[in-house]
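Student: I should like to learn how the interior of a protein model is read. May we begin with its nonpolar core?

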Amino acid sequence: MYLLDTSTLELHNFQSNEIPDYAILSHRWSGDEVSFRDLQDGGRPNLVRSAKLRGCGKQAASDGWHYVWIDSCCIDKSSSAELSEAINSMFRWYRDAQVCYAHLVDVPDSTDDPCLPDSSFRRSKWFTRGWTLQELLAPSTVVFFDHNWSEIGTKSSLYNTIVSITGIQHLADFEEACVAQKMSWASRRETTRLEDMAYCLMGLFAVNMPPLYGEGENAFRRLQLEILNKMDDESPFAWREERGGMWPWMLERSGMGGLLARSPTAFKDSGDVQRLTRGKERPPFSMANRGIRIELRL
């Protein structure tokens, strides 16, 4: 794991058994982020491009943290093995951070009351991105900053406002939510790469799979299969296709699809789905070359 020294802005590589305490950044990427290559071998990018990096380093240093992790420059994306490791580890890295700094570049002034219905905080695109879902949920402490790195508030102090913005009723105990509820949280978010809409959810469901850019919608299908293999939960089938509001079994019969959704958008009306409580009489799901075998109580 590469970490950025907050005083020198130099990269240091740590093995898993020697990782020090660190802060972590959550942000929306712009078109000209400082990259791993910019910083390797002690390189120092120009002041304009590194403004976000320097602001994060300064904030972390003032809070007493010697290291910070920033996804844009702490992953060697030229290495497919390292990129795969980072994608599969990212939820854990955010969870294990001492603090997460959420930099909302489109919030110009922290003096604007974030709880107001039309506040720039509520309208921030940070709440619409796929990757920032796990960056909101995984860390125990999230501190929000405006464009100029002035503090807006914390996940705790803005709890009710964040619940209102995201629709996540399980903000403090997200692990208790069923699969369909978690999918609904991602249903109105988006990613630049189609496959990332699946990859950004792996940590939320505690599953691992290799990223295969170029596979398109199949990435989300693979994610659902991994979830079904791991969890005893029927709610992954509680989705509705936008085409005519058809349910999974209706699509199956019509020849238009199957039991697995094409994307998280199919779960946008599943926020109130509850996990079925029952005895131990139902056998577990089983996968076969012809599909999924499942027995449910009618």
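Tutor: A nonpolar core is a set of buried Ala, Val, Leu, Ile, Met, Phe, Trp, Tyr and Cys residues joined through side-chain atoms within 4.5 Å. The model before us is predicted. Its largest nonpolar core has 81 residues, of which L4, W69, Y101, F144, L201 and L223 touch the most other members. Helix α3 (residues 80–96) gives the most to this core, namely six residues.

Student: Which residues are in contact with Y101, leaving aside its neighbours within four places in sequence?

Tutor: Among them are A23, I24, L25 and S26, then C56, Q59, A60, D63 and W65, and further along the chain V143, F145 and W149.

Student: How many aromatic pairs are there?

Tutor: Rings of Phe, Tyr and Trp pair if their centres lie within 6.5 Å. The count here is 13 aromatic pairs. In one of them, F14 and Y67 meet edge-to-face, 5.2 Å centre to centre with 80° between the planes. This pair links distant parts of the chain, 53 residues apart: F14 lies in the loop between β2 (11–13) and β3 (23–27), and Y67 in strand β4 (residues 67–69). F14 and Y67 are both buried. Elsewhere, ring pairs join F121, W126, F127 and F144 into a cluster; F144 was also named for its contacts in the core.

Student: What lines the largest cavity?

Tutor: The largest cavity holds about 60 Å³ of space. Its lining includes L194, M197, F220 and R262, and α7 (196–199) and α8 (218–230) each give two or more residues to it. By class, the lining has six nonpolar, two polar and three charged residues.

Conventions:
Residues numbered from 1 in each chain as written. Predicted model: local features only at pLDDT ≥ 70, side-chain atom pairs only at ≥ 80, totals over all residues. Heavy atoms only, no water. 1 Å grid on protein atoms, 1.4 Å probe; cavity = no way out; pocket = protein on both sides within 12 Å on 5 of 7 lines; lining within 4 Å. Points joined across faces, edges and corners; volume = space filled by probe spheres on them. Helix = DSSP H or I, 4+ residues; strand = E, 2+ residues; numbered from the N terminus. Nonpolar A, V, L, I, M, F, W, Y, C, P; charged D, E, K, R; others polar. Buried < 20%, exposed > 50% of the residue type's maximum accessible area, 1.4 Å probe, protein only. Contact = heavy atoms within 4.5 Å. Phe/Tyr/Trp six-rings, centres within 6.5 Å; stacked < 30°, edge-to-face > 60°.
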